[in-house]
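Trainee: Please take me through one part of this model in close detail. I would like to look at how chain A is put together, with its sheets and domains treated in turn.

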Amino acid sequence: MLNVGETTGDAFKRSVWVLAVMSIVLLFGCREQTNPTEPVADGAMRIVSMAPNLTEILFALGLDDEVVGVTRHCNYPPQALTKPKIGTFWQPDVEAVLAGRPTLVIAEDFAQQRQLTEQLERLGCATLTVKIETIAQLYDGILSIGQAVGRIEQAQTLISRLKAAQDVLQTSIADQPPLKVLWVIQRQPLRVAGTKTFINEMIEAVGGVNAIGPTVNVYPPISAEDVIAAWPDVIIEPANMPNSREAQTRSAGEFYAAFRSVPAVRNKRVYVIDGDLVSRLSPRLDQSLAEIARCLRQD
Amino acid sequence: MDLTPNKLWIRILAATAFLFAAIAVCLLIGSVPVSLFDALRGPTHDGQSNIPYEIIVHYRLPRMVLAAIIGAALAASGCVFQAILRNPLADPYILGISSGAGLGTLAAVLLGWSWTVFGMSAMMLTAFAGALATTWLVWGVGRAAGRANITGLLLAGVVVNAFLSSVIMFLTSIARADQVQTTMFWLMGSISEMQQVEVIAASGLLTAAGVGVLLRLGPSLNMLSFGADEAAALGLSVSRTCAAAFAVAALMTSLAVCLGGLVGFVGLIVPHAVRLVAGPDHRQLIPVSALVGAAFVVIADTVARVVVAPAMLPVGVVTAMVGGPFFLILLVRYMRNLHWQVK
């Protein structure tokens, strides 16, 4: 607002100054925004992870300090909780990603993520997209991330450790008859893991067999009758939330009582396990497989 | 087209026979091949539980009865909404019940409520509460707009529907993926087997009572089909008839929505189909629609169970996909019967 004593000339001069200052600020701001890949002072790597399992891979490769952005669902290892958040897997926030001035953004091969990486590529930011939907792809993904961040050796060590753990399980179950496993991801409506999932792979890796046959859906909703038809020996339910495991275990008894003729329920072999562990294809694959193997082994 | 008591009874009996035939056939269809002969051996066989018996009696039959109740409630209330709103596009969801119930369900899912009361889940009860609350709101606003003012009521319904839908969209956009899945499946209509026998019996009785009351209102609804002024001139208390029919139909719709989510299309096409084939007299339209609607949802639900087995489809998808073309065929075949008023 103009002062009464002020002349128009003064006001004009002041406006010019304000404009000049604003443009300089804007210019600097833009420089920062349009060159997000410009190395920071020490030239260190700055990596943003767009998915919880990618975060786990990065930490497993020893990149604790290089990770500068993770999703809101990245809760393992615990250090990941302290990193800046860039939104969620499904709704990444491009501004939050850029604010981390990343030298590399690692994303999964999903439409929402690809949209973001294309945007980042246009701005000159390096990205790496990996597809991790099977165990083999997990190994490939770890390797290509290792290559991209210059940690090939660590990546190879990690892969051979996971493969060795898988082999040990494989030989230990060689002579057991396969148990039928129903993997329930949701109760209302009843939805299970189908045969085209990595969960199916994990079940088979520990000597089980998916109780549900091939379906059109990847995670098919099924009717109660299909639970009877599947006739599972074991029912496994990953907990939806890190803190909901106990509550889910408690309500499982009541919920599955309707299926009391099914062997899994009759023999009290319904297990609620850590969802964050088993629902991610991560470097903790050995732990996931061990956890599932435990469910199948208990008699 | 005169409706004699004989004709009425013959048609009701035919529709009843159709319903029971549909249930009998659908009982034997499922993802598991089950022989009736095995099932008839009773609950236990050779000291073990008899699985065919269990599948038919504990899973398929309750689910089918539930499907029939939902179909009957939606089709009968669809007739009534079309009559009191004097609008051929009216269906039981037109006045916002669907979005109110949807919001109730979504709230239960987002709050993580997993308690049950008499075998009814939190989702079902909040859906019922949401449907009733929306009905009251729309009725209140509609009445404020003017007595027996149908346009006011319709507009209030449309606007409340649009508003609540946007709230649903907002909540969906911030919900977790698994919560969205649960809600979406419900919004597409899904009938589950997990029902207490008491709940099914109570719902069945309520629906039967509702159809009974609507049937009593049949002659008044017939008069109403000439228009509100003409009906008033014939000595009908238009606003009282509308209020009573509206309350009963809304209650029945809320019940159906609570039991099976938003099963679409039944409340719209079944009354029209019956009207095309058998004529517009409400004394006949209401009971025959209820029976045909029941059979229709029973068949649609069976298709939903088996067509992609062992997975299943939401029943609402099937009612729309099967019902749409079927209705078009009827429309072409019986076009000359297309009239509203009772001659």
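Mentor: What follows goes through the domains of chain A, then the strands in each, and ends with the contact to chain B.

This is a predicted model, with an ipTM of 0.73 and a pTM of 0.80. The domain assignment divides chain A into domain 1, residues 47-163, and domain 2, residues 173-297. Taken over C-alpha atoms, the centres of domain 1 and domain 2 of chain A are 28 Å apart.

Start with the open sheet of chain A that has the strand order 2-1-3-4. Four strands make up this sheet, and their pairing is parallel. Its edges are strand 2 (67-69) and strand 4 (127-130) of chain A, each of which pairs on one side only. From one strand to the next, the twist averages 30 degrees. Strand 3 (residues 104-108) of chain A is joined to strand 4 of chain A by four bridges, in the parallel sense. To find this pairing on screen, look for I106(A), whose bridge partner in strand 4 of chain A is L128(A).

Two helices can be placed against these strands. Helix 2 (residues 52-60) of chain A packs on the sheet and touches strand 1 (47-49), strand 2 and strand 3 of chain A. The direction of helix 2 of chain A makes about 140 degrees with that of strand 1 of chain A. Helix 4 (residues 111-122) of chain A lies across strand 3 and strand 4 of chain A, and runs at about 160 degrees to strand 3 of chain A.

Now turn to strand 5 (residues 179-186) of chain A, which has several pairings to follow. With strand 7 (residues 208-210) of chain A, strand 5 of chain A pairs in the parallel sense over three bridges. One place to see this is L179(A), which has G208(A) as its bridge partner in strand 7 of chain A. Strand 5 of chain A also pairs with strand 8 (residues 234-238) of chain A, again in the parallel sense and over three bridges. Here L182(A) has I235(A) as its bridge partner in strand 8 of chain A.

The pairing with strand 6 (residues 191-192) of chain A is antiparallel, and two bridges join it to strand 5 of chain A. V184(A) stands opposite V192(A) of strand 6 of chain A. The connection between strand 5 and strand 6 of chain A is a hairpin through four residues.

Next is the contact between the two domains. It brings 14 residues of domain 1 of chain A against eleven residues of domain 2 of chain A. On the side of domain 1 of chain A that touches domain 2 of chain A, helix 2, helix 5 (135-148) and helix 6 (152-172) of chain A each supply at least two residues. Helix 2 of chain A gives the most to that side, with five residues. Thus helix 2 of chain A both packs on the sheet and contributes to the side of domain 1 of chain A that touches domain 2 of chain A. By class, the residues of that side of domain 1 of chain A are nine nonpolar, three polar and two charged.

Last, the contact between the chains takes 22 residues from chain A and 27 residues from chain B. Helix 3 (51-85) and helix 7 (177-187) of chain B each supply at least two residues of the side of chain B that touches chain A. That side of chain B has 13 nonpolar, nine polar and five charged residues. For chain B, the mean pLDDT is 86, with 96% of its residues at 70 or more.

How values were computed:
Residues are numbered from 1 along each chain as its sequence is written. Chains are lettered from A and ligands numbered from 1 in the order in which they are written. This is a predicted model: local features need pLDDT of at least 70, side-chain atom pairs count only at pLDDT 80 or more; totals for chains, interfaces and linings use all residues. Two strands pair if DSSP finds at least two bridges between them. Two residues are in contact if their C-beta atoms, placed from the backbone, lie within 7 Å. Ala, Val, Leu, Ile, Met, Phe, Trp, Tyr, Cys and Pro count as nonpolar, Asp, Glu, Lys and Arg as charged, and the others, Gly among them, as polar. Axes are lines fitted to C-alpha atoms, for helices over the stretch in contact, and angles run from 0 to 180 degrees between N-to-C directions. Domain bounds come from an automatic or database domain assignment. pLDDT is the predictor's confidence in each residue, from 0 to 100.
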